[in-house]
Amino acid sequence: MLADYSRERSFTIGGTTINPSTWRRWHLRIGGCCRWFCGSPVWPGGPETVELRRRYAEIEATYEGIITLEANGRGIDDYFTKSHVLGEGGFGTVWQATPTKRAVKALPALRMGQGYALKRVRLPLRDAEIEMISKSLLGVSTGRMLQFLKVIASPEATEEHVTRNLLRILEIPHTMHIAMELLEGPTLRDWLVQLENKPLPETLASELAKQMLKAVHFLHRSAGALHRDVKPQNFGFARPVVQDQPPTLQLFDMGMVHVLPEPVVEASARELYALGMGGTMHWIPPETWAGRSGACSDLWGVGLVVHVLLLRQLPFGLQHCEGRVAVWDAIRTGAVASSNANVSKEAMYILGQLLEKEPLLRATSSEALQCEWLNRSRASSDLRTPTPGARKTVAKAVQQRKVQLPVETERWEERSFWQSLMLQTSQWSKPD
Ligand SMILES: Nc1ncnc2c1ncn2[C@@H]1O[C@H](COP(=O)(O)OP(=O)(O)OP(=O)(O)O)[C@@H](O)[C@H]1O
């Protein structure tokens with residue numbers, strides 16, 4: 001019982017009803033006593049949890065994008081007024097909220113009266129509860145962690161189609177709130193559902209593809225991080241999509257992000273890291289099935305989303321696959337068609353490049369952004385189809401990669417999304 005610090009409902013101990021705010025006060029007092037006796041609050045947690053809190057405290061001293069509430073005795077309501085729930089995911093609840101005067105004073109980048117998305121995530125109490133992004137932050141220096149937080153909070157992030165993460169408010173010991181730019185339009189998934197089976201003009205698909213590529217390019221090259229969960233649910237429109245106005249997409253949900261020691265450059269764009277499995281089953285690239293991921297793995301995700309935009313189905317018959325064995329078999333044995341009667345050859349070409357199963361031969365983000373389909377005025381594509389020689393060179397490296405089908409985790413259950421999207425492909429009805 002004492003290990004659960006994130007209670008949201010009242011409960012009873014020995015006939016006495018304890019409401020959530022009393023419970024929270026108790027924990028602040030226990031932490032306060034520990035501070036009094038030991039000089040610092042001693043919250044439960046393994047070494048990684050303790051280190052993560054220490055890192056945030058250290059950064060807070062020099063960076064206005066972090067606020068720790070345990071220190072000043074206030075609550076999140078002193079900083080944001082929540083209006084309604086925007087969405088719920090496996091890792092937290094997201095509200096629409098407006099900042100209070102206190103929040104704007106603490107972080108002038110916030111605007112009074114403007115709406116923000118406020119995501120509540122659990123602050124880990126045990127090492128096992130640490131989110132992937134925080135685990136990766138623990139693997140880099142504090143300076144690098146600060147650099148990453150600053151880049152994803154910067155106005156450039158918006159320009160490059162990544163949702164700004166402006167402020168982290170830590171309610172010690174149990175909760176962290178992340179104030180993000182508000183996406184006023186639907187997620188790409190919901191928009192696809194609303195579109196029903198109407199064809200998407202190729203110019204629009206190409207514009208959206210460009211924005212998605214810019215987003216992953218910025219995350220890799222400026223923020224120095226891998227997203228690891230690129231899928232239609234994690235792109236959202238900045239504003240409601242209306243006819244005759246070019247829509248603007250943004251990449252959000254940093255929960256699976258892996259922060260690298262250094263930003264990606266062209267020379268490291270195909271490097272793979274042993275990060276294990278992660279992501280959402282149907283959207284996982286071949287190398288990640290073998291436990292490795294790199295910048296090129298996010299490019300596979302963009303390739304899949306573009307395939308859905310253009311052809312209204314996933315490649316390799318993935319939409320018909322149930323379970324990890326079937327999905328892996330489809331990825332292993334399937335091939336992307338080289339032509340399609342309804343899609344231009346330039347579009348099919350870039351699809352083939354992004355959905356190249358061998359990551360060493362897959363297009364990098366800078367190569368893909370230069371392709372003819374996204375820059376119709378260009379004379380020819382800068383991409384070249386890999387020669388048989390190049391394929392032979394990488395064949396050895398590929399042979400060494402062993403694919404072990406991992407056990408299905410709860411997160412993988414998100415494949416129900418794809419089932420719902422497939423439902424749309426045949427019926428195009430909005431999922432519950
Ligand atoms: N910046 C934002 N603006 C508007 N709505 C948002 C924003 N961020 C998240 N949401 C809404 O909240 C939902 C859940 O957010 P998010 O995907 O970040 O949570 P999660 O717990 O990481 O989810 P998942 O289990 O898919 O990883 C989204 O699907 C979206 O509807």
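Which strand gives the largest share of the shell around the ligand? In this predicted model, that share comes from strand 4, with 3 residues. The legends below begin with the whole chain and then turn to single sites.

**Figure 1. Overview of the protein chain and its division into domains.** The predicted model has 16 helices and 12 strands in its protein chain. Two domains are assigned: domain 1 spans 28-181, and domain 2 spans 188-427. Of the 432 residues in the chain, 36% count as buried. Among contacts between residues at least 6 apart in sequence, 67% join residues at least 24 apart. An unreviewed UniProt entry lists residues 80-374 under "domain: Protein kinase". This span is 35% helix and 16% strand, and 41 Å separates its end C-alpha atoms.

**Figure 2. The shell around the ligand.** The ligand is surrounded by 21 residues, of which G87, G89, G90, F91 and A117 come nearest. The elements that contribute two or more residues to the shell are strand 4 (80-88), strand 5 (92-99), strand 6 (116-122) and strand 8 (175-181). By residue class, the shell divides into 8 nonpolar, 9 polar and 4 charged. Domain 1 and domain 2 each supply at least three residues to the shell.

**Figure 3. K119 and its contacts.** K119 is covered by the UniProt annotation "binding site", which comes from an unreviewed entry. The residue is found in strand 6. With 25 other C-beta atoms within 10 Å, K119 is buried, because the threshold for that class is 20 or more. When residues up to four places away in sequence are not counted, K119 touches G92, V94, H177, I178 and M180.

**Figure 4. The side of domain 1 that touches domain 2.** Contacts between the domains involve 20 residues of domain 1 and 22 residues of domain 2. On the domain 1 side, the elements that give two or more residues are helix 5 (132-138), helix 6 (142-153) and helix 7 (155-159). The residues on this side divide into 11 nonpolar, 5 polar and 4 charged.

**Figure 5. S154 between two helices.** S154 lies in the loop between helix 6 and helix 7. The residue has 19 other C-beta atoms within 10 Å and is therefore partly exposed, since the buried class begins at 20. S154 and E271 are separated by 117 residues in sequence, and their C-alpha atoms are 27 Å apart in space.

**Figure 6. L167 in strand 7.** L167 is found in strand 7, which covers residues 165-171. The residue is buried, with 25 other C-beta atoms within 10 Å. Apart from neighbours within four places in sequence, L167 is in contact with G65, I67, L107 and A179. From L167 to A269 the separation is 102 residues in sequence and 29 Å in space, C-alpha to C-alpha.

**Figure 7. D253 in a loop between strands.** D253 is placed in the loop between strand 11 (249-251) and strand 12 (258-259). Its phi is positive, about 65°, although D253 is not a glycine. Is D253 buried or exposed? D253 has 21 other C-beta atoms within 10 Å, so it is buried.

**Figure 8. Helix 11 and the residue that follows.** Helix 11 runs over residues 295-311 and has 17 residues. At 1.5 Å a residue, the helix should span 24 Å, because the expected span is 1.5 Å times one less than the number of residues. Its end C-alpha atoms are 25 Å apart, which agrees. Helix 11 is mostly covered, with 17 of its 17 residues buried. The residue after helix 11 is R312, with a positive phi near 60°.

**Figure 9. R312 in the loop after helix 11.** R312 occupies the loop between helix 11 and helix 12 (324-333). Its phi, near 60°, is a positive value in a residue other than glycine. What is the exposure class of R312? R312 is partly exposed, because 19 other C-beta atoms lie within 10 Å and the class lies between the limits of 12 and 20.

Technical notes:
Residues numbered from 1 in each chain as written. Predicted model: local features only at pLDDT ≥ 70, side-chain atom pairs only at ≥ 80, totals over all residues. Domains from an automatic or database assignment. Contact = placed C-beta atoms within 7 Å. Helix = DSSP H or I, 4+ residues; strand = E, 2+ residues; numbered from the N terminus. Nonpolar A, V, L, I, M, F, W, Y, C, P; charged D, E, K, R; others polar. Near = placed C-beta within 6 Å. UniProt positions renumbered as here; feature names shortened; annotations may be inferred.
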